[in-house]
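Biologist: Please show me the model. I want to ask how its descriptions are justified.

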Amino acid sequence: MPKLNENYLNLKESYLFAEIAHRVDAFTKANPDKKVIRLGIGDVTLPLGEKVITALHEGVDCMASSETFKGYGPEKGYEMVRNSVVEYYERNGVSIDADEVFISDGAKSDTGNITELFDKDNVILVPDPVYPVYVDTNIMDGKNVTYINANAENNFLPMPDPNQHVDVIYMCSPNNPTGAAYNHEQLKVWVDYALANDAVILYDSAYECFITDPTLPRSIFAIEGAKECAIEFCSLSKTAGFTGTRCGYTVVPHDLKFTASTGAEMSLNAMWTRRQTTKFNGVSYIVQAGAAAVFTEEGMEECKENIRYYQENAKIIADCLAKKGIRYFGGVNSPYIWFECPNNMESWTFFDYLLNNAYVVGTPGAGFGNNGKNYFRLTGFGNRENTIEAMKRFDELF
């Protein structure tokens, strides 16, 4: 009999969004006449922009001719896409090298797979509440996960404890689920802490495109010293609506080097290259053709138009909460609105109450950690009509 990875026994019975889907499915089967509005999972609803669609079609056409056919692509992604990412960073005031960019099928995969670069003896720091993938993938690997409290008192933006040593730090800004975003000074404190502790920051910037405040950094690499201590993950899922198309990128600086127990120098860029070439055959040329189009001037304007639509949805939700006197966070530099459950309900109780009485689906904060027990997340990713209707029902319910 094979010896199984018993770390899986330490996981919750099901992934958060699988449990939500199970409960919603049971409700809809029992109530086929009720129109359920889903504002829970962070999936987009608007179609891809015309510039991207055209590029995708051109990518397909390339596959129809032996002269233009594409097989296995470059190990880090096609140069056209990596260079486009570099130019995108430059427009945001950050300099990176194309050889530091790895094109992938999304930030979720990379933030989970990156754990393979780190030994099991490392102390992994994650905020609570947190995107479940960070925690679950480390538990699957048997790593030592410790938590830092994010709560209303610190505006869900926890800062490092100078007396605590950790080795790997997960950060997400703008944050999923709370919508909170770190400013330059706060990120500098984290970078300085990582440098002082020889730690690595795993920085998820999947929602950077929602930042409207020009003083907020859109990349960890806007902070001095970050290239010596941070890896950045980003995705086109929210930037360009690629949730179903699947494409993202990870930036691993060449300066990110550490000394092994043997005394040898190890480069995380070289390690990630080795990992990806061994276990990943890359994103299809067709999808990468579409991704390159995202970063063109026309493509970015189409993306921004969609983002503005989602931002307006978030404002509709936030305005309703403000009207009801419910304290909330996010919704400005983020598509997520994180709010206190009315009447001090626990989040799963509120989930069932909202579903059964207003036929609206959100995400229980408890699914993101203990500090989310009395909080709830709604997203601005629904369509306008459904968002307005959902908040009308919410208003009438409370």
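Modeller: Start with the crossing of H1 and H11. This is a predicted model, where local features need pLDDT of at least 70, side-chain atom pairs count only at pLDDT 80 or more, and totals for chains, interfaces and linings use all residues. Residues are numbered from 1 along each chain as its sequence is written, and side-chain values use heavy atoms, without hydrogens and water.

Biologist: What makes the crossing of H1 and H11 right-handed?

Modeller: A crossing is right-handed if the near helix is turned clockwise from the far one by less than a right angle, and left-handed if anticlockwise. H1 passes H11 in the right-handed way. Helix H1 (residues 16-30) and helix H11 (residues 347-358) pack at about 35°, with axes 11 Å apart. Axes are lines fitted to C-alpha atoms, for helices over the stretch in contact, and angles run from 0 to 180 degrees between N-to-C directions. Helices (H or I, at least four residues) and strands (E, at least two) are DSSP runs, numbered from the N terminus.

Biologist: Which residues in H1 and H11 meet?

Modeller: Contact means heavy atoms within 4.5 Å. Among those in H1 are Leu16 and Phe27; H11 brings residues including Trp348 and Leu355.

Biologist: Why is one side of S2 and of S4 left without a neighbour in the sheet?

Modeller: Two strands pair if DSSP finds at least two bridges between them. The open sheet has seven strands, in the order S2-S8-S7-S6-S5-S3-S4. Strand S2 (101-104) and strand S4 (144-149) stand at the edges with a single partner strand each, so one side of each stays free of a neighbour in the sheet.

Biologist: How do you know that S2 pairs with S8?

Modeller: Four bridges join S2 to S8 (residues 248-251), and the two run antiparallel. The definition asks for at least two bridges, so they pair. Val101 stands opposite Val251 in S8.
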